[in-house]
Amino acid sequence: MDAPHATHEAIEQALTTLRDGYPSRFSAATDEQTLRDENAKILGKKGELTAILKQMGAIPGDARKAIGAKVNALRVEVETAFDQRLATLAAELRHAELHARPFDLTLPARTLRAEGHAHPISQVREEVIAIFKSLGFGVFDGPEVEHEVNNFTKLGFPPDHPATDMQDSFWTTDGHLLRTHTSNIQVRAMTSMTPPFAYIAPGTVYRRDDDATHSPMFHQLEAFLVDENVSMAHLKGILEAFAARLFGAGTPVRLRPSYFPFVEPGAEVDIGCVFCRKEDGTRAGCNLCKHTGWIEVLGCGMIDPVVFEECGMNVPGEQKFSDPALRRDETQKWTGFALGMGLERLAMLRYGVPNIRLFFENDPRFLAQF
Ligand code: DAH
C-alpha cells in the first residue's frame, strides 16, 4: 500500500508548490498574453492542476475526496487571481496611455456641437402655421382621444366605412378612439362657433399603419374656412399661395378629382415635382414622381352639405346665402372649404427624406442635418 500513499504525498506536494508559486507567476506576467499563457499552463487542458486531477484516480476513496476538495478550492483561487490580475493589467495599460501624451493646456478648446434646434417636423409645422396665419387663419385645438361622432359620423362617414374598423383605427372605450385625422376639428369648430371663420388645426393623428411611408402616429394639419359664397376658386387661391410659400414661387398646383366623405367636390392636390423641377418650371420626370412630374401633397374640397347639416348649420329658414349659382339647395346658407395635409409627407418632400421612420428614431446624426 506504499504506492498510493506516495502518490497521495506527491499530489499534496504538487498542490503546495502550485499554491505557493502561482501568485508570483501571475505578477511576473506584465502583459495580457503572458498572463493568459501562464494561466493556461495551470488550468488548461494540459495544465498542472489538470495533471494533478488526472492522478487522483490512484488515491483511495476518503483521501481522494479530501484532496479533490483542495484541488477545486485551488482552481477557484487561481481563477479569481487571474481575473484580478487581468483587470489590473488593463487599468495599468489605460493609465499608461493617458499619461503617455502630456496635456497641452494651451491648445484651443474643441468647439462644442451647436445648440439644439427644432425637429424637422416641428420646423415644417411652424412654417405651415406661419403661412396660414399670414393668410388670416387662426389656430384651433382639440383632443387626440375623440368621440367617433366627431371623428366620423358628423363628417359624413357611413357606419360601415373601412376607417371605422378595428383594424384601421385605435379604439379606446365607449365609442372613443385616437383620432384618425385632424378633420375632427372642423366638427368642433362648426358645432361651437358662428361663421364666418377660418382656422387651421395642427396635431397628432393615429392609424394602424406601419411601413416606409406610414407610421402609426403622425402629424397632420387641417385648414378650413366657412363663410357665405365660398367657392372652389377661393380654395385654389389659398392652395397656390400656400405652395408658393412652402415650395417656392411659381410652384405649379393642380387639383385632381377625388373622394372624401366630408367634401363635395373633393380633390387631391399635386404640386410640380420638387425633385426634378428645373428653373423654368419644367420637369424631366424622376422616380419620386413616378415620371409624371407631379407629387401629391394634400386632400381638399368644398365642405359637404351633409357636414353642415350634421353640425346643425344651414337649417331651413336661416337662408342668407346670396349667390344661387353656388347654392346646392334653398336651405344652404353657409359654404366652406377644407383641406388636410400630412406633415411628415411635406417634410419628406421638403428635405428629400426617403423613410418616415427617420423622423421618429431621433438619431442625432440625422437631426443635425436640419
Ligand atoms: N382627413 C383626410 C385624411 O386624413 C385629409 C383630408 C382630405 C382633409 C380632404 C380634408 C379634406 O379637409 O378636404 O386623409
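In this predicted model, the sulfur of C276 lies 3.7 Å from the closest cysteine sulfur, that of C273, which is too far for a bond. A disulfide would need the two sulfur atoms within 2.5 Å. C276 is buried, its relative accessible area being 10%. C273 is likewise buried, at 0%. The structure holds zero disulfides. For C273, the nearest cysteine sulfur belongs to C286, at 3.7 Å, and C273 takes part in no disulfide.

The strands β1, β4, β5, β9, β8, β7 and β6 follow one another in that order in an open sheet of seven strands. Pairing within this sheet is mixed. Strands β1 (138-139) and β6 (253-260) form the edges. Each has a single partner strand, so one side of each lacks a neighbour in the sheet. At the β1 edge, two bridges connect β1 to β4 (residues 197-206), and these two strands run parallel. G138 has Y199 of β4 as its bridge partner.

Helices lie across both parts of the strand order. Helix α5 (residues 120-134) lies across β1, β4, β5 (217-227) and β9 (335-342). Its direction makes an angle of about 5 degrees with β5. Helix α8 (residues 232-247) lies across β6, β7 (263-272), β8 (294-303) and β9. The angle between α8 and β6 is about 120 degrees. Strand β9 is thus crossed by α5 and by α8. The edge strand β1 lies under α5, and the edge strand β6 under α8.

Methods. Residues numbered from 1 in each chain as written. Predicted model: local features only at pLDDT ≥ 70, side-chain atom pairs only at ≥ 80, totals over all residues. Heavy atoms only, no water. Pairing = 2+ DSSP bridges. Helix = DSSP H or I, 4+ residues; strand = E, 2+ residues; numbered from the N terminus. Contact = heavy atoms within 4.5 Å. Axes fitted to C-alpha atoms, helices over the stretch in contact; angles between N-to-C directions. Buried < 20%, exposed > 50% of the residue type's maximum accessible area, 1.4 Å probe, protein only.
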